[in-house]
Amino acid sequence: MNDRKEADMGGARLELTVDAVANGGWCVGRHEGRVVFVRHALPGERVVAEVTEETARFLRADAVEILQPSPDRVTPPCPFAGPGRCGGCDWQHASLEAQRRLKADVVAEQFRRLAGLDLKVVVEEVPGAEDGLGWRTRVRFAVEPDGTAGLRRHRSHEIEHVTGCLIAHPAVEEIGAERLGWRGAAAVEVVAASGGDRAVIVEPVPRRRADIPDVDAAVLLDEGRRGTRALRGRASLTERVGERDFRVTASGFWQVHPGAAATLLGAVLDFGRPEPGEWALDLYCGAGLFAAGLAEAVGPEGAVLGIESEPQAAQDARFNLRDLPQAQVERGRVEEALDRLRIERADLVVADPPRAGLGRPVVERVAGLEASRVVYVSCDPATLARDVAWFAGLGYRLEDLRAFDQYPMTHHVECVALLVRD
């Protein structure tokens with residue numbers, strides 16, 4: 001049930017002190033006993049907060065005046081960040097060190113609340129964005145009817161007109177999407193791969209022909225359910241991790257921080273400790289990043305099965321693993337593929353599900369494989385903590401956890417958890 005309603009207090013200004021950080025880039029305050037989730041604030045600050053939304057249970061608000069600032073507060077580097085402006089960044093007003101502490105607090109709170117575990121969490125820097133800027137290798141721009149591209153405001157369909165995005169990778173900004181005309185397009189996505197390839201994916205307005213300016217990149221048309229079609233250049237990009245190249249469909253999934261793929265692969269292999277001759281599963285394998293590392297570790301005498309539901313990603317994974325005969329890729333939903341192939345055991349399971357997490361049925365199916373180690377990669381600490389609690393009821397305990405600042409200036413954080421059988 002959606003409890004959002006027209007804000008009786010919409011636009012009202014409240015003076016309050018904000019306390020703990022909350023998941024999603026908010027801090028929590030109270031007004032007359034009512035919870036207020038406040039953006040653009042930091043824990044401990046006294047602020048004037050303008051109400052932006054009222055529900056039956058709480059208020060949402062923006063801190064529009066800082067009466068008592070936190071020592072962690074800095075001037076946002078981007079002129080388009082702030083109340084009512086671009087919604088892409090949550091923490092530009094906090095130092096990088098403070099951002100990582102806030103994210104660590106969120107991860108720890110989710111595990112306390114949802115898994116009953118008290119953890120000491122440290123959020124680690126990911127190489128490649130020392131100042132927290134210039135890291136995002138995939139940026140999606142919304143387009144106005146007149147063809148002007150911009151970025152969405154927070155929880156809004158309104159578009160903020162920007163001259164540039166400071167967290168975008170320089171190779172993305174070189175395309176200059178914000179300064180070009182895209183009449184007839186609903187959205188434009190710019191992708192810059194580590195192998196040097198670039199692509200622009202244009203989503204046209206239904207039943208309209210999009211005007212596409214001349215850009216130094218492959219150009220693809222998003223045809224909805226029919227997928228993407230290359231209008232100019234290749235439909236795939238090359239991503240390089242260590243000495244291995246990966247073919248990735250331009251519209252497909254790949255980590256957006258340039259240092260993330262190598263960092264996560266290292267963490268997965270460190271936690272999983274794959275040994276020659278072992279039988280490993282890579283669930284939600286995408287283009288095959290983890291499956292390749294696992295296959296190299298288990299060697300020709302071992303075996304790796306990757307499972308991926310997205311057709312093009314599964315095709316990419318098969319291509320990327322073609323030199324590793326011990327690695328196979330099966331297309332399908334995880335639980336369906338495991339049942340169809342009658343997979344009943346494994347030595348090691350790696351899972352990197354979407355933000356919604358594994359969910360109870362997949363947790364139960366994975367636990368039934370009786371693998372000695374399960375390595376769980378997650379971009380949402382809440383669904384990760386929920387699933388860890390379910391694993392605990394099935395004989396697995398959380399042995400270790402690492403958290404990575406793959407998305408500086410935003411509230412997002414990536415975690416890698418190691419679960420072992422009791």
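Helices α3 and α4 sit oblique to each other, because their packing angle is about 45° and angles between 35 and 65 degrees fall in the oblique class. This is a predicted model, so keep that in mind while we walk through it.

## α3 and α4

The axes of α3 and α4 lie 10 Å apart, and α3 passes α4 in a right-handed crossing. On the α3 side, the residues that meet α4 are Ala 261, Leu 264, Leu 265, Val 268 and Leu 269. Their partners in α4 are Leu 289, Phe 290, Gly 293 and Leu 294. Sorted by class, this contact holds eight nonpolar residues, one polar and no charged.

There is a simple pattern behind such lists. An α-helix has 3.6 residues a turn, so residues three or four places apart point the same way.

How many of the 10 residues of α4 are buried? Eight of them are, which leaves the helix (residues 289-298) mostly covered. The buried ones are Leu 289, Phe 290, Ala 291, Ala 292, Gly 293, Leu 294, Ala 295 and Val 298. Right after α4 comes Gly 299, with a positive phi near 75°.

## α1 and its neighbours

Now for helix α1, which covers residues 96-115. With 20 residues, α1 reaches 28 Å from its first C-alpha to its last, close to the 28 Å expected at 1.5 Å a residue. The buried residues of α1 include Leu 96, Ala 98, Leu 102, Val 106, Val 107 and Phe 111. Gln 99, Arg 100, Lys 103 and Gln 110 are also among the buried residues of this helix.

What do the buried residues of α1 pack against? The list has four strands and a helix in it: β2 (13-22), β7 (123-125), β22 (396-405) and β23 (414-421), plus α8 (381-392). Just past the end of α1 is Gly 116, where phi is positive, near 65°.

The pairing of α1 with α8 can be spelled out further. These two helices pack at an angle of about 35°, their axes 8 Å apart, and the crossing is right-handed. From α1, the contact takes in Val 106, Val 107, Gln 110, Phe 111, Leu 114 and Ala 115. From α8, it takes in Pro 381, Ala 382, Leu 384, Ala 385, Arg 386, Val 388 and Ala 389. By class, that contact splits into 11 nonpolar residues, one polar and one charged.

## α7 against α8

Helix α8 has another partner here, helix α7 (residues 360-367). The two are oblique to each other, and their crossing is right-handed. Arg 360, Val 363, Val 366 and Ala 367 in α7 meet Asp 387, Trp 390 and Phe 391 in α8. This contact has five nonpolar residues, no polar ones and two charged.

Here are the three helix pairs side by side.

| Helix pair | Angle between axes | Distance between axes |
|---|---|---|
| α3 and α4 | about 45° | 10 Å |
| α1 and α8 | about 35° | 8 Å |
| α7 and α8 | about 45° | 10 Å |

One residue of α7 deserves a closer look: Val 363. Is Val 363 buried or exposed? Val 363 is buried, because its relative accessible area is 0% and anything under 20% counts as buried. Leaving out residues up to four places away in sequence, Val 363 touches Leu 358, Asp 387, Trp 390, Phe 391 and Leu 394. Val 363 and Leu 394 are 31 residues apart along the chain, yet their C-alpha atoms are separated by 8.8 Å.

## Three residues in loops

Thr 410 lies in the loop between β22 and β23. Even so, Thr 410 is buried, at 4% relative accessible area. Beyond its neighbours within four places in sequence, Thr 410 is in contact with Gly 88, Cys 89, Asp 90, Trp 91, Lys 103 and Trp 135. Lys 103 also turns up among the buried residues of α1.

Most residues other than glycine have a negative phi. Which way does phi go at Glu 32? Phi there is positive, near 50°. Glu 32 sits in the loop between β3 (26-31) and β4 (34-39), and is exposed, with a relative accessible area of 76%.

Arg 273 also has a positive phi, near 45°. Its place is the loop between α3 (260-272) and β17 (279-283), and at 43% relative accessibility Arg 273 counts as partly exposed.

Note on methods:
Residues numbered from 1 in each chain as written. Predicted model: local features only at pLDDT ≥ 70, side-chain atom pairs only at ≥ 80, totals over all residues. Heavy atoms only, no water. Expected span 1.5 Å × (residues − 1). Buried < 20%, exposed > 50% of the residue type's maximum accessible area, 1.4 Å probe, protein only. Contact = heavy atoms within 4.5 Å. Axes fitted to C-alpha atoms, helices over the stretch in contact; angles between N-to-C directions. Parallel < 35°, antiparallel > 145°, perpendicular 65-115°, else oblique. Left-handed = near helix turned anticlockwise from the far one by under 90°. Nonpolar A, V, L, I, M, F, W, Y, C, P; charged D, E, K, R; others polar.
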